[in-house]
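Thanks for sharing this one with me. Here are a few notes to read alongside the structure.

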Amino acid sequence: MKLTRIDLNSWLLEIAGLRVLIDPWLIDPLVFYGQPWLFSATHLKPPAYNPTTLPNIDLILISQGLDDHCHKPTLEQLDRQIPVVGSPTAAKIVQGLGYTDVRSLIPGQTEIFGALSITAVTGAPIQGQVENGYFLKDVESGETVYYEPHWFQSEKVTAQFQGRLDVAIAPIIGQVFPLLGQVIMGSTEAMHLIQTLHPRVFVPTSLGEIEARGILPMLIRSIGSVEEFSDRLAASGSKTQLLLPAAGETLAIEPIKL
């Protein structure tokens, strides 16, 4: 299994013989709700991949319908024949872009692609809609990945997942939005995830090498840091390994030796 960090919430996962592109934002800009005055972001460096340099992609996985997960300018430049799995809000957007094979999942539902099983689990409540986290499993090797870019819903997730977890991809720096409160989990919640699911490897997401402009970035308050989380993990005595790939870096996750 291999995992390449692209930037922010975008990942390339190689599992079960498939390449899965997760929440792709590959070209600039990233604009919320089409309003640059509210939020607009650009990459500080060109991403490791753009729509023309990507390797062959077997599947696109989208967790939410928000622009930083379901980035329409990127999706408009990808092959519309690539199958897409997404939350209902993301699926609606992708269908509107002309993708021909779109699977909309709600928590508890599963789709199978060859040896890869993808189960949606309860993600973050966003604007009245519960978005998705995902468990991905290679049913032949047993390798598993959990991805959730906003918030870990332990009481609902654990009811849908039992067994080994190789990799968890989730935030470690919290974000507090005006009027909404904390919408992205920080180190406390990430430690709870580790103590609940016991992943072999934890890889932070939502860490962007970006430049953000607009009103919203000035109002968002961050909670915690990579260093704080690393210290908490070390002090906890957990066997979970923290990996911090640079943008463009590929991690090879070694299989469990039986």
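1. A word on pairing before we start: two strands count as paired if DSSP finds at least two bridges between them. Please also keep in mind that this is a predicted model.

2. With that in hand, look at strand E1 (residues 2-7), which pairs with E2 in the antiparallel sense over five bridges. Within this pair, Leu3 stands opposite Leu13 in E2.

3. Both strands belong to an open sheet of seven strands, ordered E8-E7-E6-E3-E2-E1-E20, and its pairing is mixed. Strand E8 (102-104) and strand E20 (250-252) each have a single partner strand, so one side of each is left without a neighbour in the sheet. On average, neighbouring strands here are turned by 20° against each other, direction ignored.

4. Helix H2 (residues 88-96) packs on this sheet, where H2 touches E6, strand E7 (84-86) and E8. The direction of H2 makes about 160° with that of E8.

5. Now to the interior. The largest nonpolar core has 27 residues, and those touching the most other members are Leu13, Ile118, Tyr134, Val167 and Val203. Elements giving two or more residues to this core include strand E2 (10-15), strand E3 (18-22), strand E10 (116-126), strand E11 (129-138) and strand E16 (201-204). Apart from this core lies another, of 20 residues, with Phe135, Phe161, Ala190 and Leu242 among them.

6. Which residues does Val203 touch, leaving aside those up to four places away in sequence? They are Leu3, Trp11, Val167, Ala168, Ile169, Ala170, Leu243, Pro245 and Leu251. As background, nonpolar side chains tend to be buried together in soluble globular proteins.

Key:
Residues numbered from 1 in each chain as written. Predicted model: local features only at pLDDT ≥ 70, side-chain atom pairs only at ≥ 80, totals over all residues. Heavy atoms only, no water. Core = buried A, V, L, I, M, F, W, Y, C linked by side-chain atoms within 4.5 Å. Buried < 20%, exposed > 50% of the residue type's maximum accessible area, 1.4 Å probe, protein only. Helix = DSSP H or I, 4+ residues; strand = E, 2+ residues; numbered from the N terminus. Contact = heavy atoms within 4.5 Å. Axes fitted to C-alpha atoms, helices over the stretch in contact; angles between N-to-C directions.
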